[in-house]
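These are my notebook entries on a single chain. I began with the overall fold and then turned to the side chains.

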Amino acid sequence: MSFLISPAYAEGAAVAPDSGMFNILFLVGFGLIFYFFMWRPQAKRAKEHRELVGGLSKGDEVLTAGGILGKVVKLNDDYVVLEVSEGTELTFQKNHVSAALPKGTLKSI
């Protein structure tokens, strides 16, 4: 039924100020917050992880994402073999190595 009723407008109503500039500044501010709090720290962590994985060598002591500690025995392009105890070797993808430990951390291996 609203198509039969014509809209009523106030006479001499004040025109709202142009909010186009405010909207642009709001979007730019939101973009900066997104960049500094989310994208930049994540990119930094990803770069550090790539350097860690790229710098692995035989004999390094590492921690996996699953919490397993081991010494690197073999390396190839995608996989790393860790010795977790005497005579026990496990194969992991290089991406799952989360940290390199200081030398001598694993005394029992």
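**Entry 1. Fold.** I first counted the secondary structure and obtained one helix and five strands. The model is a predicted one, and I read every entry below with that in mind. Along the sequence, the elements follow the pattern α-β-β-β-β-β. I then looked up burial for the chain: of its 109 residues, 17% count as buried.

**Entry 2. Sheet.** Next I asked in which order the strands form the sheet. The order is β4-β3-β2-β1-β5, in an open sheet with antiparallel pairing. At the edges I found β4 (88–93) and β5, each of which pairs on one side only. From one strand to the next, the twist averages 45°. I examined the contact of β1 with β5 in more detail: the two run antiparallel and are joined by four bridges. Within this part of the structure, I noted that threonine 64 stands opposite valine 97 in β5.

**Entry 3. Salt bridge.** I searched the whole structure for salt bridges and found one. Its partners are the side chains of aspartate 60 and lysine 103, at 3.1 Å from N to O. I then looked up where the two residues sit, and the pair links distant parts of the chain. Aspartate 60 belongs to the loop between α1 and β1 (61–64), whereas lysine 103 belongs to the segment after β5 (97–101), and 43 residues separate them. Is each partner buried or exposed? Aspartate 60 has a relative accessible area of 16%, so I recorded aspartate 60 as buried. Lysine 103 reaches 62% relative accessibility and therefore counts as exposed.

**Entry 4. Aromatic pairs.** My search for aromatic pairs in the whole structure returned three. For phenylalanine 22 and phenylalanine 26, the ring centres lie 6.3 Å apart and the planes meet at 25°. Why did I enter this pair as stacked? Planes under 30 degrees apart count as stacked, and the angle here is 25°, so the pair qualifies. Both residues are in helix α1, and because they are four residues apart, about one helical turn separates them. I looked up their accessibility as well: phenylalanine 22 is exposed, with a relative accessible area of 55%, and phenylalanine 26 is exposed, with a value of 55%.

Tyrosine 35 and tryptophan 39 form an aromatic pair that I recorded as tilted, with 5.4 Å from centre to centre and 40° between the planes. These two residues also lie in helix α1, four residues apart, which is about one turn of the helix. Tyrosine 35 is partly exposed at a relative accessible area of 32%, while tryptophan 39, at 51%, counts as exposed. I then followed the ring pairs further and found that they link Tyr35, Phe36 and Trp39 into a cluster.

**Entry 5. Nonpolar surface.** Finally I asked which residues make the nonpolar surface patch of about 1,300 Å². The first part of my list holds Met21, Ile24, Leu25, Val28, Leu32 and Ile33. The list continues with Phe34, Tyr35, Phe36, Phe37, Met38 and Trp39. I checked the position of one of these residues, methionine 38, and found it in helix α1, which spans residues 20–54. The cluster of Tyr35, Phe36 and Trp39 from the previous entry reappears here, as these three residues are among those that make the patch.

How values were computed
Residues numbered from 1 in each chain as written. Predicted model: local features only at pLDDT ≥ 70, side-chain atom pairs only at ≥ 80, totals over all residues. Heavy atoms only, no water. Patch = residues over 30% accessible without salt bridge, like charges linked within 9 Å, V, L, I, M, F, W, Y side chains within 5 Å. Areas by Shrake-Rupley, 256 points an atom, 1.4 Å probe, with all protein chains shown as cover. Salt bridge = Lys/Arg side-chain N within 4 Å of Asp/Glu carboxyl O. Buried < 20%, exposed > 50% of the residue type's maximum accessible area, 1.4 Å probe, protein only. Pairing = 2+ DSSP bridges. Axes fitted to C-alpha atoms, helices over the stretch in contact; angles between N-to-C directions. Phe/Tyr/Trp six-rings, centres within 6.5 Å; stacked < 30°, edge-to-face > 60°.
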